[in-house]
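Reader: I should like a close look at one part of this chain, namely its salt bridges. Please set out the partners and their surroundings, and then place the account beside other features of the fold.

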Amino acid sequence: MTQLYQHIVAFVFAVKETNENHHLLPNVTLGFHIYNNGFSGSWTYVAAMELMSRGHQFIANYKCGIENLPAAVIAGPNNDYCLHMSTILYIYKMSQLIFGSSPVVNNEVESHFFHRMFPNTGYQYEGLVQLLLHFNWIWIGIVTMDDDTGERFVQNVLPTFAQKGICFQFVARLPQITFSDGVQQLLYEFDEMIKIIAGSTASVVVVHGEIHSVMVIRFIEYISQSTDTPLQSSPKVWIMTAQMEFSSLSYHRGMSMHFLHGALSFAVHSKEPSGFKQFLQTRNPALEKEDKFLWAFWEEAFNCFLSDHLLGEEDEEDKPPCTWKEKLETLPVPVFEMSMTSHSYSVYNAVYAVAHALQAMYSSKFKHNPVLNGRRKELWNSHPWQIHHFLRRVAFNNSAGEEVSFNQNGEILTQFDIINWITFPNRSFARMKVGTMNPQAPEDKMFTIQDDVIMWPSIFNQTLPISRCNDKCQLGFSKRKKEGEQFCCYNCFPCPEGKISNQTDTDACFECPGDQYPNNEKDGCLPKDITFLSFGEPLGIILTVFALKFSLITIFILGIFMKYKDTPIVKANNKNLTYILLSSLLLSFLCALLFIGRPGKVACLLQQAAFGVIFSVALSSILAKTITVILAFVATKPGSRIRRWMGKRFTYSIVLLCSFSQAAICSIWLITSPPFPDLDMYSVTQTIVLKCNEGSGGMLYALLGFMGFLALVSLTLAFLARKLPDSFNEAKFITFSMLVFCSVWLCFIPSYLSTKGKNMVAVEIFSVLTSSFGLLGCIFSPKCYIILVKPELNMKDQLITRRN
């Protein structure tokens with residue numbers, strides 16, 4: 001894989017800069033060995049053994065042909081191979097700087113010798129979640145490695161995605177490409193993965209892999225073109241983790257790279273050091289004949305063979321000879337990149353970290369033992385484990401001007417860059433930084449993304465791709481999970497009456513504040529109007545007119561009775577009680593006006609109290625009249641002692657007792673829980689009703705109960721006295737009037753409870769006016785008729801005749 005040669009060049013470039021820096025390890029030259037593990041576990045073990053020997057003499061626990069062990073080992077980029085190597089290097093307590101991945105070491109002691117040029121992976125996964133949620137991609141596919149690393153990702157990381165509301169339509173495993181005879185099995189696995197990806201409705205696929213995973217995906221994309229379900233038929237946005245890097249083999253050169261267009265990936269932050277590109281341009285096998293890596297790369301990259309070749313005779317026949325004048329900058333980007341990649345930048349920083357750790361270690365040695373200054377060889381010789389302490393504490397600025405340091409777990413402190421991949425028709429590509437995930441930034445600025453500069457796959461026409469199980473629930477709707485499916489899949493139902501949702505995909509509708517009500521679309525709240533029964537509205541005008549009209553009628557009747565006060569019909573019915581009754585009825589008509597208009601503190605205090613006391617006076621007057629009629633006929637019997645109860649004092653006592661009893665109830669009410677102006681926000685949907693709050697429902701019921709008691713007693717006594725002989729007997733008229741009164745107030749209760757808002761006040765006013773007018777009409781209309789129309793009946797002899 002020609003792209004990986006840049007790791008070697010970055011390594012050599014960093015060593016060259018270090019050796020040329022007179023302030024870093026002065027008078028010391030760093031040397032190095034480079035081993036190729038060939039992406040093989042066995043070759044990784046061989047490479048680790050060769051660090052301890054020369055001439056391929058492998059003798060356990062012996063150093064063969066070497067004087068000192070290396071100060072540190074820089075290894076990568078594959079996770080598993082780093083772990084294979086660590087089992088050997090740990091025996092010698094040798095520090096390892098890992099780039100390209102972040103292996104999980106179960107042995108806590110062994111992990112102390114790991115220094116990761118890869119930030120904490122938890123921040124990468126957090127950034128990945130933030131990226132998905134930022135674009136509202138909650139229905140995705142997952143592709144991961146078919147190994148322990150992939151299994152750990154599925155078991156430990158994906159549950160955190162689900163906790164954030166992200167669902168997975170599929171979790172697929174990348175086929176393992178091996179150099180074996182299982183070609184049919186490999187093609188079958190490729191075909192199955194193509195069916196899964198192409199058949200999915202998710203527009204986003206997250207790939208968690210290693211450095212060669214892009215190569216595997218390119219295979220899948222290429223093979224899909226010859227199937228019935230090519231990946232182009234189901235465009236995806238690929239999101240790749242920072243462990244991955246672009247890689248390909250020679251036979252990939254003719255393959256399309258269009259599937260990468262618009263992809264997003266995470267990458268360890270990098271910044272190209274000055275002079276790196278110029279150093280690359282100087283690389284030439286003619287000048288570096290001992291660099292066999294360069295020779296192998298040159299022949300592979302330029303598809304030629306060198307005269308002092310590394311290839312077999314069969315390969316020579318298929319390739320032209322190299323001219324020695326080839327230039328790296330002429331190579332296509334998929335073959336070799338001239339810009340430093342993030343993995344190469346990690347290698348570059350790893351070399352500098354070792355150099356600064358050695359500088360600190362040698363300075364510490366000289367500080368504690370100045371005698372060693374004369375014995376330079378002893379000063380510079382050290383054991384591998386000694387550098388570990390200094391590596392953990394190293395902090396410096398590299399030649400690119402960026403700070404390099406490690407945390408307490410040996411992980412480099414840096415950020416992740418979010419990269420947007422852009423491909424071109426000539427099978428080239430470019431990387432563009434569009435965001436960051438910076439663990440060192442404040443929490444609200446850790447994740448940043450530039451939406452407007454991202455290039456999306458061409459099929460989306462530069463509109464944001466949508467990756468959801470179903471469309472969003474619009475405003476005015478709420479979600480309801482589909483049975484038997486993941487929580488990201490749901491149905492949308494309109495909000496119930498009285499509730500709204502002012503955001504898309506609301507889990508539940510909610511009620512508006514008390515001073516607002518839902519609009520017709522149920523996606524917002526409108527302010528409620530404050531309303532009350534006013535004198536200016538039609539209903540208020542009608543009730544006011546009737547109250548005044550009935551008051552005038554009452555005054556007219558009172559005037560008639562006062563004018564004809566000496567006539568038998570007025571005298572016979574206790575004219576003083578009649579005056580009291582008519583006055584109370586007049587006040588009852590007028591007190592109805594207290595219920596109309598904007599409720600105030602005084603009006604609220606007077607409404608129920610005035611209503612209760614005035615009606616009690618009227619009812620007690622009627623009761624006194626009824627008792628007087630009964631006592632008048634009982635007292636006429638010979639020897640009756642009732643005669644002494646007859647008189648004005650007794651009737652006044654009844655009126656005063658009943659009235660003061662009701663007044664006492666009202667006084668207790670006004671002292672303990674007085675009524676007050678209140679806003680009723682919930683009775684009527686679109687308005688706030690300004691009304692008088694009773695303060696105490698119990699006291700209101702006590703007031704009404706006492707009135708009901710007076711009415712019931714009056715009705716009973718009047719009913720019993722209705723047939724007593726008398727020309728001017730009021731009992732039958734009182735009976736009828738009390739029937740009307742009780743009927744009105746019995747109808748009032750269900751009507752009052754079933755109405756809302758200002759209509760409740762109107763019902764109460766209507767009941768007051770109707771019951772009062774019923775008393776007025778039933779009791780006084782017959783008398784007025786006799787006085788005004790039939791005056792011949794209003795004679796004393798008529799009374800005597802009737803009695804005889």
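Author: The following account begins with the salt bridges and then turns to helix packing, a surface patch and two contacts in space. The model is a predicted one.

The count of salt bridges comes to twelve. One of them joins E151 and R173, whose closest N and O atoms are 2.9 Å apart. E151 belongs to helix α6 (residues 148-163) and R173 to strand β5 (residues 167-174), so this pair ties together parts that are 22 residues apart in sequence. As to the setting of the two partners, E151 has a relative accessibility of 32% and therefore counts as partly exposed. R173 is likewise partly exposed, because its relative accessible area is 29%.

A second salt bridge is formed by K433 and D417, with a distance of 3.5 Å from N to O. This pair also links distant parts of the chain: K433 lies in strand β12 (residues 429-437) and D417 in strand β11 (residues 416-423), and the two residues are 16 apart. The partners fall into separate classes of accessibility. K433, at 41% relative accessibility, counts as partly exposed, whereas D417, at 5%, counts as buried. The cut-off used here is that a residue is buried under 20% relative accessible area.

R283, E288 and D291 are joined into one network by salt bridges that share partners. Within this group, R283 forms a salt bridge with D291, and the closest N and O atoms are 3.0 Å apart. Both R283 and D291 are buried.

The packing of two helices may be considered next. In general, a packed pair of helices is described by the angle between the axes and by the distance between them. For helix α17 (residues 575-591) and helix α19 (residues 648-672), the axes come within 10 Å and cross at roughly 20 degrees. Angles under 35 degrees count as roughly parallel, and α17 and α19 are therefore roughly parallel to each other. The crossing in which α17 passes α19 is right-handed.

On the surface, a nonpolar patch is made up of F556, Y785, L788 and V789, which together have about 410 Å² of accessible area. Among these residues, L788 has its place in helix α22 (residues 758-788). L788 has a relative accessible area of 44% and is therefore partly exposed.

Two contacts in space complete the account. L358 is located in helix α12 (residues 342-368), and this residue is buried because its relative accessible area is 4%. From C-alpha to C-alpha, L358 and L24 are 9.4 Å apart in space, while 334 residues apart in sequence. T227 is found in the loop between α8 (213-224) and β7 (237-240). T227 has a relative accessibility of 21% and so counts as partly exposed. The C-alpha atom of T227 is separated by 9.4 Å from that of K195, and these two residues are 32 residues apart along the chain.

How values were computed:
Residues numbered from 1 in each chain as written. Predicted model: local features only at pLDDT ≥ 70, side-chain atom pairs only at ≥ 80, totals over all residues. Heavy atoms only, no water. Patch = residues over 30% accessible without salt bridge, like charges linked within 9 Å, V, L, I, M, F, W, Y side chains within 5 Å. Areas by Shrake-Rupley, 256 points an atom, 1.4 Å probe, with all protein chains shown as cover. Salt bridge = Lys/Arg side-chain N within 4 Å of Asp/Glu carboxyl O. Helix = DSSP H or I, 4+ residues; strand = E, 2+ residues; numbered from the N terminus. Buried < 20%, exposed > 50% of the residue type's maximum accessible area, 1.4 Å probe, protein only. Axes fitted to C-alpha atoms, helices over the stretch in contact; angles between N-to-C directions. Parallel < 35°, antiparallel > 145°, perpendicular 65-115°, else oblique. Left-handed = near helix turned anticlockwise from the far one by under 90°.
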